[in-house]
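User: Could you take a close look at one part of this model for me? I would like to follow a single helix and its side chains, and then see how the rest of the chain fits around that picture.

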Amino acid sequence: MLMTEKRSHVKDIGRAIVTATKPEDLDALRFWAQKMLDIRASNFSAFEKSKRAIAASIDKKVLAPILNVVWREMKRVGWEERSLPAKMAMSAAAAALTLSGQGAGIAALGGAIGVPLFVVFGAGGALAGVIIEEIRRKK
C-alpha cells in the first residue's frame with residue numbers, strides 16, 4: 001500500500017469513527033483523541049504513557065464507536081479478503097477460543113487496550129488527528 005493510500009485509508013477510518021459516534025458524544029471523542037496526542041508527545045516513559053492511555057480510554061461513549069469501526073475493518077481485511085482455507089483455519093481458532101469460555105472477554109479487552117496504545121505508540125497518531133479534524137469540520 002502506498003503512503004498516499006495509507007493516508008486516505010486512515011482518513012476513511014477516522015471519518016467512519018466520527019460518523020459512528022453519537023452527536024452528543026463527539027466532544028468526548030475529540031477530548032480523547034487530543035488526550036492521546038498529548039500523551040504521545042509527552043516525555044513520560046513508555047510504561048507511564050501506556051498507563052495514562054489506557055486510563056484515559058475507559059469511557060464507553062468513546063471506545064464503542066472506535067471498536068465498532070475497528071471490528072468492521074478487521075472483518076473486511078481479516079475475513080472477507082481471505083481464501084477458503086484461511087477462513088476455515090480462523091473459524092477453528094475462533095471456535096477454540098469461544099469453547100474455552102473466555103474468547104469474547106479477551107477480544108474486548110484486547111481492543112480496549114490495543115486501540116489507545118496504537119494511537120500513542122503506533123501509526124494511530126494520524127488517526128487521532130483525523131478524528132479531531134473531522135469533528136471540527138462537522139460542528
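Analyst: Happy to help; here is a walk along helix α3, followed by its wider setting.

Please keep in mind that this is a predicted model. The chain is made of seven helices and zero strands, so to speak an α-α-α-α-α-α-α run from the N terminus on. Helix α3 covers residues 46-55.

Let's begin with burial. Within α3, the buried residues include Lys49, Ser50 and Ala53. Why do these three go together? They cover an arc of only 100° around the axis, which puts them on the same side of α3. Phe47 and Ala55 are exposed, and they lie on the other side of the helix. The general background is simple: an α-helix has 3.6 residues a turn, so residues three or four places apart point the same way.

That spacing also shows up in a charged pair of α3. Glutamate 48 and lysine 51 form a salt bridge, with 3.4 Å between the closest N and O atoms. Both residues belong to helix α3 and are three residues apart, about one turn of the helix. Glutamate 48 is partly exposed, at a relative accessible area of 21%. Lysine 51 is partly exposed as well, with 43% relative accessibility. For glutamate 48 the cut-off is worth recalling, because buried means under 20% relative accessible area.

Another charged side chain of interest is arginine 52. Its charged end sits over the ring of phenylalanine 44, 3.8 Å from the ring centre. As for pairs between aromatic rings, a search of the whole structure finds zero.

Moving on along the chain, the loop between α3 and α4 (60-80) contains isoleucine 58. Is this residue buried or exposed? Isoleucine 58 is exposed, with a relative accessible area of 70%. Its C-alpha atom is 10.0 Å from that of proline 116, a residue 58 positions away in sequence.

Serine 57 leads us to tryptophan 32, since the C-alpha atoms of these two residues are 7.2 Å apart in space while 25 residues separate them in sequence. Tryptophan 32 is in helix α2 (residues 26-41) and is buried, with a relative accessible area of 3%. Leaving aside residues up to four places away in sequence, tryptophan 32 touches Ala56, Ser57, Val62, Ile66, Val115, Pro116, Val119 and Ile131. Proline 116, mentioned above for its distance from isoleucine 58, is thus one of the residues that tryptophan 32 touches.

Another of those contacts, isoleucine 131, is found in helix α7. Isoleucine 131 is buried, at 1% relative accessibility. Apart from residues up to four places away in sequence, isoleucine 131 touches Gly14, Ile17, Val18, Leu29, Trp32 and Ala33. Lysine 11 is 120 residues from isoleucine 131 along the chain, yet their C-alpha atoms are separated by 8.3 Å.

Helix α7 also brings us back to salt bridges, of which the structure holds seven. Arginine 15 and glutamate 134 form one of them, with the closest N and O atoms 3.4 Å apart. Arginine 15 lies in helix α1 and glutamate 134 in helix α7 (residues 124-138), so this pair ties together parts that are 119 residues apart in sequence. Glutamate 134 is buried, with a relative accessible area of 11%, whereas arginine 15 is partly exposed at 34%.

Arginine 15 has a further partner in aspartate 12, and their side chains meet in a salt bridge of 3.7 Å, N to O. These two residues are three apart in helix α1 (residues 3-20), which means that about one helical turn separates them. Aspartate 12 is partly exposed, at 43% relative accessibility. Through shared partners, salt bridges join Asp12, Arg15, Glu133, Glu134 and Arg137 into one network.

Finally, a few values for the chain as a whole. Of its 139 residues, 28% count as buried. Among contacts with a separation of 6 or more, 79% are between residues 24 or more positions apart. The accessible surface of the chain comes to about 8900 Å², and 64% of that surface belongs to carbon and sulfur atoms.

How values were computed:
Residues are numbered from 1 along each chain as its sequence is written. This is a predicted model: local features need pLDDT of at least 70, side-chain atom pairs count only at pLDDT 80 or more; totals for chains, interfaces and linings use all residues. Side-chain values use heavy atoms; hydrogens and water are left out. Buried means under 20% relative accessible area, exposed over 50%, partly exposed in between (1.4 Å probe, protein chains only). Helices (H or I, at least four residues) and strands (E, at least two) are DSSP runs, numbered from the N terminus. The arc is that of the directions from the helix axis to the C-beta atoms. A salt bridge is a side-chain nitrogen of Lys or Arg within 4 Å of a carboxyl oxygen of Asp or Glu. Rings of Phe, Tyr and Trp (its six-membered ring) pair if their centres lie within 6.5 Å; planes under 30 degrees apart count as stacked, over 60 as edge-to-face and the rest as tilted. A charge sits over a ring if NZ of Lys or CZ of Arg is within 6 Å of the ring centre and within 35 degrees of the ring normal. Contact means heavy atoms within 4.5 Å. Accessible areas come from the Shrake-Rupley method with a 1.4 Å probe; for residues, only the protein chains shown count as cover.
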